[in-house]
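Ready for a couple of warm-up exercises on a protein with a bound ligand? Grab your viewer and work through them at your own pace.

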Amino acid sequence: MTKNLLLVGCGKMGGALLQGWLDRDVNLRVTVIEPGAGFDRFAGLPNVAGVAALSALAADFQAEVVVFAVKPQVLGDITGGYSRFVTQDTVFLSIAAGKTIDFFQAHLGPEASIVRAMPNTPCAIGRGMTVLCANNKTSEEHSALCEVLMRAGGKVAWVATEQLMDAVTAVSGSGPAYVFQLIETMAEAGVRLGLSIDLALELARETVAGAGELARRATEPVSELRRAVTSPGGTTQAALDVLRAPNGIQPLFDRALRAAADRGRELAD
Ligand SMILES: NC(=O)c1ccc[n+]([C@@H]2O[C@H](COP(=O)([O-])OP(=O)(O)OC[C@H]3O[C@@H](n4cnc5c(N)ncnc54)[C@H](OP(=O)(O)O)[C@@H]3O)[C@@H](O)[C@H]2O)c1
C-alpha cells in the first residue's frame with residue numbers, strides 16, 4: 001500500500017534518501033518541506049510534491065511517516081509544530097545526529113512513535129550503514145517501514161538501547177572521516193618514502209577502496225584476510241608489528257572513538 005511520507009529538509013541527507021527511495025521504487029507519496037533549493041531537482045516527478053514551509057500544507061494533511069532530515073540545531077524550533085501529525089498510525093523517523101528520543105517525546109508528546117537513525121555519508125551512493133533504535137510506542141510495522149526507508153541508503157542494523165547510539169556514532173557515523181584520514185596518512189607516509197603526492201594518494205585511495213570491497217565481499221573473517229596477505233617475516237609483517245604493538249593503532253583508536261562517543265553524549269538533548 002502506498003504510504004504518505006512527509007520529508008522535513010531536503011539537503012544533502014534528505015535529498016540522498018529521497019533519491020534512494022525513487023531509485024528503488026519504494027511505494028511512497030512524498031511531500032517535502034524545504035525552504036531552500038534542495039527540492040528543485042525533484043520538482044515535477046510523479047508522487048513527489050514540495051512546499052516551502054509547514055504552514056503551506058493543507059489543514060487536513062496527514063502522513064504515515066514524518067522524516068526529520070534538518071540540522072539538529074533547527075529541530076528545537078520546529079519539532080513541536082509537527083505534533084499535530086501524532087496518531088497511532090504515524091511514525092516519526094529522525095536522522096539528526098545527537099537528538100535523543102526524549103527530545104522528540106518532549107516536543108511531540110508521550111504517545112508519539114519515534115525511531116532514531118544514525119546513517120553515514122556513503123548512504124549518498126547507496127553504500128551507507130544506518131543504525132536504528134525505537135521507543136516503546138513503535139509497532140513492528142513502523143519499525144519495518146523505517147528499515148525499508150533507510151535500506152535505500154545501504155545496510156541497516158538495530159540497537160535495543162539508545163545509549164549505544166553514541167558508540168554507533170563513534171564507529172560508523174563518524175567512521176568515513178577516519179577512513180579519509182587513513183588515506184591521507186598512508187599517502188603522507190608514502191611521500192616521506194619518496195613517492196609523489198599524486199601517486200601516493202592514488203595508491204592509498206585505491207588500496208583502501210579495493211581492500212574495503214574485498215572485506216565486504218569476503219565470507220571469511222577480516223582477520224583471515226589480513227593473515228592471508230601477511231607472510232611471516234615479510235614486508236607486511238614488518239609494518240603490522242608496528243601497528244599492532246601495545247602503543248600502536250588499537251590504543252589510538254580506543255582514544256579516538258572514546259572522544260567521539262563522549263562528544264556525542266555532550267551534544268545530546
Ligand atoms: N551529512 C551527513 O553526513 C550526515 C550523517 C548522519 C546524519 N546526518 C544528519 O542529517 C541531518 C541533515 O544533514 P544534512 O547534511 O543533509 O544538512 P543540510 O544539507 O543542511 O540539509 C538540511 C536541509 O533542511 C533545510 N531546512 C532548514 N530549515 C528547515 C525547516 N524549518 N523545515 C524544513 N527544512 C528546513 C535546509 O534548507 P536551507 O539550506 O535553506 O537552510 C537544508 O536544505 C542532520 O540532522 C544531520 O545530523 C547527516
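Below are three exercises on this predicted model, each with a worked solution.

**Exercise 1.** Work out which residues surround the ligand and what classes they fall into.

*Solution.* Start by collecting the shell: 21 residues surround the ligand. The closest are Lys-12, Met-13, Glu-34, Val-70 and Thr-121. Next, sort the shell by class, and you get 14 nonpolar, four polar and three charged residues. Then look for where the ligand sits, which is the second largest pocket. Finally, assign the shell to elements: α1 (12-23) and α2 (72-78) are the ones that give two or more residues. The largest share, three residues, comes from α2.

**Exercise 2.** Find polar backbone atoms that the ligand's oxygen and nitrogen atoms approach, and say how much of the ligand the protein covers.

*Solution.* Take oxygen first: a ligand oxygen is 2.6 Å from a polar backbone atom of Val-70. A ligand oxygen also lies 2.9 Å from a polar backbone atom of Ala-97. Now nitrogen: one such ligand atom is 3.5 Å from a polar backbone atom of Ile-33. As for cover, the ligand on its own has 880 Å² of accessible area, and the protein covers 74% of that.

**Exercise 3.** Count the salt bridges, then explain what the one between Lys-137 and Glu-111 ties together.

*Solution.* With a cut-off of 4 Å between side-chain nitrogen and carboxyl oxygen, the count is 13 salt bridges. The Lys-137 and Glu-111 side chains pair at 3.6 Å, N to O. Lys-137 is in the loop between β7 (128-134) and α4 (140-151), and Glu-111 is in the loop between α3 (101-108) and β6 (113-118), so their bridge ties together parts 26 residues apart in sequence.

Definitions and conventions. Residues numbered from 1 in each chain as written. Predicted model: local features only at pLDDT ≥ 70, side-chain atom pairs only at ≥ 80, totals over all residues. Heavy atoms only, no water. Near = heavy atom within 4 Å. Polar contact = N/O pair within 3.5 Å; in protein donor to acceptor, adjacent residues only side chain to side chain. Areas by Shrake-Rupley, 256 points an atom, 1.4 Å probe, with all protein chains shown as cover. 1 Å grid on protein atoms, 1.4 Å probe; cavity = no way out; pocket = protein on both sides within 12 Å on 5 of 7 lines; lining within 4 Å. Sits in = over half its atoms within 2 Å of the grid points. Helix = DSSP H or I, 4+ residues; strand = E, 2+ residues; numbered from the N terminus. Nonpolar A, V, L, I, M, F, W, Y, C, P; charged D, E, K, R; others polar.
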